[in-house]
Amino acid sequence: MSKAKNGTARKDPGEEPRHGHHISPKYSNLRIVLANLPYAVMVLVGMIIIALALGLSSSAWTAAGGYVVYGVVGALWIIVFLCPYCPSYGQRSCPCGYGLVSARLQPKGDTELFKKKFRQHIPVIVPLWLIPVLVGGARMLSSFSWPLAVLLGVFVLDSFVILPLISKRHGCKYCPQRGACPWMAG
Ligand code: SF4
């Protein structure tokens, strides 16, 4: 057991979150994996949408693969350029585990800069939410397809409803940065 940044005792890995306004939860590995599922689903469904919308040709799959690479690089981008400035850097209070990975890759940054870094770096990943909708939507306008319609429905539900809902109601709810975070304000 070690001391957390705010001086409270830091419990062992695997402990379930504790709820309360002044206590940061400590997310177990299982909770961390579950918290990453909506993002993984978004990237995989987005990949299939792009491949389907572009006709399942080899170039369509290349574009779809590029989207997956973008999804992975986007997550790494946040880990490298944003997480070092978060109070959950290196802590199990980070719901998705990025903060733990960040501590292995980058030195700690100044938490006072978090808001500025958030505004700088979140736009880098925003197109991940838009590309499948634009590519799939364009295809639907030219020729309607039920499989594509269903996949677009799943993508929108996952990335625009479930993912933000889990972030705001689950992880961000206990984040010490909550008051200053543009994501919560948005
Ligand atoms: S809470 Fe968000 S910004 Fe903070 S370490 Fe985790 S992923 Fe990074």
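This report describes the nonpolar cores, one loop residue and the ligand surroundings of a predicted model.

The largest nonpolar core comprises 15 residues, and M47, I49 and I50 have the most contacts inside it. Two or more residues of this core come from each of α1 (29–53), α2 (58–81) and α6 (146–171). The greatest contribution is that of α1, which supplies 10 residues. Apart from this core lies another, which includes I78, I79, Y85 and C96. The two cores are set out below.

| Core | Number of residues | Residues named |
|---|---|---|
| Largest nonpolar core | 15 residues | M47, I49 and I50, with the most contacts inside it |
| Another core, apart from the largest | 13 residues | I78, I79, Y85 and C96 among them |

When neighbours within four places in sequence are left aside, M47 is in contact with A64, Y67 and V68. In soluble globular proteins, nonpolar side chains tend to be buried together.

L56 is located in the loop between α1 and α2. The phi angle of L56 is near 55 degrees, a positive value in a residue other than glycine. L56 counts as exposed because it has 11 C-beta neighbours inside 10 Å, and a residue with 12 or fewer falls in that class.

The ligand is surrounded by L82, C83, C86, S88, Y89, C94, C96, Y98, G99 and C175. By class, this shell contains eight nonpolar residues, two polar residues and no charged residues. C96 is listed among the residues around the ligand and also belongs to the core of 13 residues.

Conventions:
Residues are numbered from 1 along each chain as its sequence is written. This is a predicted model: local features need pLDDT of at least 70, side-chain atom pairs count only at pLDDT 80 or more; totals for chains, interfaces and linings use all residues. A nonpolar core is a set of buried Ala, Val, Leu, Ile, Met, Phe, Trp, Tyr and Cys residues joined through C-beta atoms within 7 Å. A residue is buried if 20 or more other C-beta atoms lie within 10 Å of its own, exposed if 12 or fewer, and partly exposed in between; C-beta atoms are placed from the backbone. Helices (H or I, at least four residues) and strands (E, at least two) are DSSP runs, numbered from the N terminus. Two residues are in contact if their C-beta atoms, placed from the backbone, lie within 7 Å. A residue is near a molecule or strand if its C-beta atom, placed from the backbone, lies within 6 Å of it. Ala, Val, Leu, Ile, Met, Phe, Trp, Tyr, Cys and Pro count as nonpolar, Asp, Glu, Lys and Arg as charged, and the others, Gly among them, as polar.
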